[in-house]
Amino acid sequence: MTAQTLALTLPSPNATCRFAARLGARLGAGDVLLLQGDIGAGKTHFARCLIQSLLAEPEDVPSPTFTLVQTYETPTCEIWHADLYRLTQVDEVAELGLTEAFDTAICLVEWPDRLGPETPETALTLDLAPGPEDDARVLTMSWTAARWDDLPEALAA
């Protein structure tokens with residue numbers, strides 16, 4: 001499998017939310033997004049926008065930094081939002097139930113380097129970094145699974 005990448009500049013927090021909602025509309029059970037980037041890069045903002053775009057009723061979407069995992073019910077499937085920053089061993093991923101959720105839910109995983117060998121091969125990696133302006137972000141998506149091959153055309157439409 002050949003890795004593919006797509007980079008975008010998102011000029012504002014609102015543009016990041018709009019993009020997250022567009023991507024969210026394409027997701028279903030079994031889709032895993034790996035959110036990478038330094039502290040403050042916008043991982044939680046992106047996840048919050050994506051989750052809120054899929055909820056039937058608006059609700060608060062807190063950061064899972066201390067709870068490790070937050071779950072949400074949507075009309076189509078469950079969403080798991082995980083922040084693995086505080087994990088110290090790969091075993092803890094299974095203890096959270098995350099490995100099962102990879103098959104049955106939409107999973108958004110911050111600090112995915114903590115997954116180690118549990119990282120799903122079909123995941124879409126989203127790397128967020130500061131952009132050229134203060135509120136801008138550069139989002140680089142990468143994948144190897146054919147599931148995401150139509151992403152450039154679908155998101156350009």
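**Entry 1: cysteines**

I started with C17, which is partly exposed, with a relative accessible area of 23%. I'm working on a predicted model here, so I keep that in mind throughout. Where does C49 stand, buried or exposed? C49 counts as buried, at 8% relative accessibility.

Next I looked for disulfides across the whole structure and got 1. A disulfide is a covalent bond between the sulfur atoms of two cysteines. Here C17 is joined to C49, with 1.8 Å from S to S. I then checked where the two sit: C17 is in helix α1 and C49 in helix α2, so the bond ties together parts that are 32 residues apart in sequence.

What about C77? C77 is in no disulfide, and the nearest cysteine sulfur, that of C107, is 8.9 Å away. I noted that 8.9 Å is too far for a bond, since the cut-off for a disulfide is 2.5 Å. C77 counts as buried at 8% relative accessibility, and C107 is buried too, at 0%.

**Entry 2: strand β5**

C107 made me curious about β5. How many of the residues of β5 are buried? I found 5 of the 5, so β5 is largely enclosed by the rest of the structure. I looked at each face in turn: I106, L108 and E110 are on one side, C107 and V109 on the other, and all are buried.

Then I traced the neighbouring strands. β2 runs parallel to β5, and 4 bridges join them. In that pairing, V32 has C107 as its bridge partner in β5. Strand β4 (residues 78-83) also runs parallel to β5, joined by 5 bridges. There I79 stands opposite I106.

**Entry 3: nonpolar cores**

In soluble globular proteins, nonpolar side chains tend to be buried together. So I went looking for that here, and the largest nonpolar core turned out to have 32 residues. Those with the most contacts inside this core are L33, F46, L108, L124, L126 and M141. Among the elements giving two or more residues to the core are β1 (4-10), α1 (13-24), β2 (32-36) and β5 (106-110). Which element gives the largest share? That is α2, with 6 residues.

I picked L33 and listed what it touches, leaving out residues up to four places away in sequence. The list includes L23, L27 and L50, then C107, L108 and V109, and also W148. I also came across a second, separate core of 18 residues, which includes A82, L87, V93 and V109.

**Entry 4: aromatic rings**

A pair of aromatic rings is described by the distance of the centres and the angle of the planes. I counted 2 aromatic pairs.

F19 and F46 form a tilted pair, 6.3 Å centre to centre with 45° between the planes. This pair links distant parts of the chain, as F19 is in helix α1 and F46 in helix α2, 27 residues apart. Both F19 and F46 are buried.

Y85 and W111 form the other tilted pair, with centres 4.9 Å apart and 55° between the planes. Y85 is in the loop between β4 and α3 (91-95), W111 in the loop between β5 and β6, and 26 residues separate them. I checked exposure as well: Y85 counts as partly exposed at 38% relative accessibility, while W111 is buried at 17%.

My last stop was R147. Its charged end sits over the ring of W148, 4.3 Å from the centre of that ring.

How values were computed
Residues numbered from 1 in each chain as written. Predicted model: local features only at pLDDT ≥ 70, side-chain atom pairs only at ≥ 80, totals over all residues. Heavy atoms only, no water. Core = buried A, V, L, I, M, F, W, Y, C linked by side-chain atoms within 4.5 Å. Buried < 20%, exposed > 50% of the residue type's maximum accessible area, 1.4 Å probe, protein only. Contact = heavy atoms within 4.5 Å. Pairing = 2+ DSSP bridges. Phe/Tyr/Trp six-rings, centres within 6.5 Å; stacked < 30°, edge-to-face > 60°. Lys NZ or Arg CZ within 6 Å of the ring centre and 35° of its normal.
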